[in-house]
Structure formats: structure tokens, C-alpha cells
Amino acid sequence: RMSTSGADGDDVVGGGAELADSIMAVLGPAITTLDKQVLLTRHSQTALGARIEEVSTLLTALLSDSPCEMEEVVRKLDDCQRRVASSSSRLVALVDRLGKLQREMAREKHAHTKDIHAPPPAPPKR
């Protein structure tokens, strides 16, 4: 049933155009920012795709070249590792010996200093 309050159907509070303008005023800057970010992402993806193609081409070229002799490289690495381990054990032994020498020197110095600063012996009782 129609209301007879005196208001006709064409009077709508907060009309559709005003509501749409208000919503666009609020959401417009966010949509513009989002659109810019989408465009930047597209450009970034395009650049990434080109870079991936470059790397793929480079890898294909590397694989087509003659492979290097891995056994020789592994043998050299093993030899270097053995030499480093040998040098390390020698250094550890040297540090141990130096520590012992320093302790002996400190003992001798302490004994010598103790003798120098000791009071003279008491004369014998007669």
C-alpha cells in the first residue's frame, strides 16, 4: 500500500548521484594509487621476464660449451684441503710449544725475581 505522507516517489534523500560522488571522493585516491602500483608491477614483471630470458640464454650457452674436467679440479681441491689441514696441525703444535716456553720463562723469571728480592740469609749462630 502506498504511503500518503505527502512525499512523492521522486524525492529520495541522499540521491544516487550524490552518493556515487561521495563514494568516488573517498575511494578515488586509493583506486588511483592501486592502478599505479598495478602498472609498476606489470613493468617490473616485463623487465624480470627479459632478465630471465638473458640468464636462460647464458646458461644454454654455458651448457653447450665443453665441460671442464671435474676430476682434476676435485683432486686439486683435495690436495689443498690436505695442505691446509697439515698447516693447521703444525700451527696448533707450534702454539702449544710457545705456550710451554712462555710458562717456563715465567717460572724462571719468578724464581729469579724471588731470589733477588729475598732477604739475605741470617748469619749462622755461634
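## A salt bridge in helix H1

Glu54 and Arg51 stand three residues apart in helix H1, so about one helical turn separates them. In this predicted model, the two residues form a salt bridge, with 2.8 Å between the closest N and O atoms. Glu54 is classed as partly exposed, because its relative accessibility is 47%, a value that falls short of the exposed class, which begins over 50%.

## Overall architecture

The chain contains two helices and zero strands. Of its 126 residues, 2% are buried, and the accessible surface of the chain amounts to about 12,500 Å², with 62% of that area belonging to carbon and sulfur atoms.

## Helix H1: span, bend and nonpolar patch

Helix H1 has 49 residues, which at 1.5 Å a residue should span 72 Å, and the distance of 67 Å between its end C-alpha atoms agrees with that expectation. The helix nevertheless bends by about 45° at Leu27, and a proline, Pro29, follows within four residues of that position.

Leu27, the residue at the bend, also belongs to a nonpolar patch on the surface, which it forms together with Leu19, Ile23, Met24, Val26 and Ile31. The accessible area of these residues together is about 580 Å². One of them, Leu19, is found in helix H1, which runs over residues 16-64, and Leu19 counts as exposed because its relative accessible area is 51%, the cut-off for that class being over 50%.

## Helix H2: span and exposure

Helix H2 covers residues 70-117 and comprises 48 residues. From its first C-alpha to its last it reaches 69 Å, which is close to the 70 Å expected at 1.5 Å a residue. Because the number of buried residues among the 48 of H2 is one, this helix lies largely in the open.

## Salt bridges in helix H2

The structure holds four salt bridges, and among them is the pair formed by Lys76 and Glu72, whose closest N and O atoms are 3.5 Å apart. These two residues are four residues apart in helix H2, so that about one helical turn lies between them. Lys76 counts as exposed because its relative accessibility is 51%, whereas Glu72, with a relative accessible area of 38%, is partly exposed.

Another salt bridge links Asp79 with Arg83, the closest N and O atoms lying 3.3 Å apart. Both residues belong to helix H2, where they are four residues apart, or about one turn of the helix. Asp79 is partly exposed, its relative accessible area being 25%, while Arg83, at 51% relative accessibility, counts as exposed. Salt bridges with shared partners join Asp79 and Arg83 to Arg82 as well, making one network of the three residues.

Notes. Residues are numbered from 1 along each chain as its sequence is written. This is a predicted model: local features need pLDDT of at least 70, side-chain atom pairs count only at pLDDT 80 or more; totals for chains, interfaces and linings use all residues. Side-chain values use heavy atoms; hydrogens and water are left out. The expected span of a helix is 1.5 Å times one less than its number of residues. Buried means under 20% relative accessible area, exposed over 50%, partly exposed in between (1.4 Å probe, protein chains only). Patches are made of residues with over 30% relative accessible area and no salt bridge: like charges are joined within 9 Å, nonpolar side chains (Val, Leu, Ile, Met, Phe, Trp, Tyr) within 5 Å. Accessible areas come from the Shrake-Rupley method with a 1.4 Å probe; for residues, only the protein chains shown count as cover. A salt bridge is a side-chain nitrogen of Lys or Arg within 4 Å of a carboxyl oxygen of Asp or Glu. The bend at a residue is the angle between axes fitted to the seven residues ending there and the seven starting there.
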